[in-house]
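User: I'd like to go through this one with you and check what stands behind each label.

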Amino acid sequence: MNIFDQVLAFFTPFDCVGCGTEGLLLCAQCREGLPGASYRCFLCLRPTLAARTCSDCLNTSPVHSVRAATGYQGIAKQLVRKLKFSGARAASKEMGQLLPPPSSGARAIIMHVPTATSRIRSRGYDQAALLAKVYAQRAGLPFVPCLVRRGQQHQVGASRAQRMAQLQSAFSVNKQHKVKDAHVILVDDVVTTGATLQAAAAALKAAGARRVEAVVFAQA
Ligand SMILES: [Zn+2]
Ligand SMILES: [Zn+2]
């Protein structure tokens, strides 16, 4: 290893999560190979323009649209694991570049969906915040974290309705004046049922947000 290789290895001590090639966390070839996400309503999964929430679901949903970079499978799953367990900063940079860009002309504020606090405590950082910061920097929009998540009691055997009720009260807004009349872009790593996004968006709408859209890395 010459001095140049040593310096490079110091700054990029990763193997590609896809193919194991030394150097970057995600090599150019594996990045190209990530499947694009289909544009659909995140609740009923019907195809829609620009991944907007369909008009039926919009009757009960505070979320305008949910756009994803890719499906939650294969390499995408590996990257999400990195973000959660090790190599978080490198993963957040990689994933933040892959997130769909903000809708054109949007004067929006960016914030993350806070992770449940007990999990942050054991890990020392919030992976969604890392991702949202990278995204805000890339988009040239302000990162304005306003959502607070209260600790969740994971009740074994709680019914779906009980879990929903817990989730609804899990989020609050701590800087109401920043949120009032704002166009908010919520950033998260993965969306599955969308229940967490719904709860976070409901809190923002209650605080006066004009529009809440979501940008996520992977859609299950
Ligand atoms: Zn690769
Ligand atoms: Zn729908």
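User: How much accessible surface does the protein have, and what share belongs to carbon and sulfur atoms?
Analyst: About 11,500 Å², with 53% of that on carbon and sulfur atoms; the areas come from the Shrake-Rupley method with a 1.4 Å probe, and for residues only the protein chains shown count as cover. Bear in mind that this is a predicted model, where local features need pLDDT of at least 70, side-chain atom pairs count only at pLDDT 80 or more, and totals for chains, interfaces and linings use all residues. Side-chain values use heavy atoms, without hydrogens and water, residues are numbered from 1 along each chain as its sequence is written, and chains are lettered from A and ligands numbered from 1 in the order written.

User: What makes Cys-41, Cys-44, Cys-54 and Cys-57 donors of the zinc ion (ligand 2)?
Analyst: Their SG atoms lie 2.3 to 2.4 Å from the zinc ion. A donor is an N, O or S atom within 2.8 Å of the metal (3.2 Å for Na, K and Ca), so they qualify. Along the chain they follow the spacing C-x2-C-x9-C-x2-C.

User: Why is the site of the zinc ion (ligand 2) called tetrahedral?
Analyst: The angles among its four donor atoms run from 100 to 118°. Four donors count as tetrahedral if all angles lie between 85 and 135 degrees, so the label fits.

User: How do you know whether Cys-41 is buried or exposed?
Analyst: Buried means under 20% relative accessible area, exposed over 50%, partly exposed in between (1.4 Å probe, protein chains only). Cys-41 has 0%, so it counts as buried. Cys-54, at 9%, counts as buried too. Of the protein's 220 residues, 45% count as buried.

Conventions. Four donors count as tetrahedral if all angles lie between 85 and 135 degrees; four count as square planar and six as octahedral if opposite donors are over 155 degrees apart and all others between 65 and 115; anything else is irregular.
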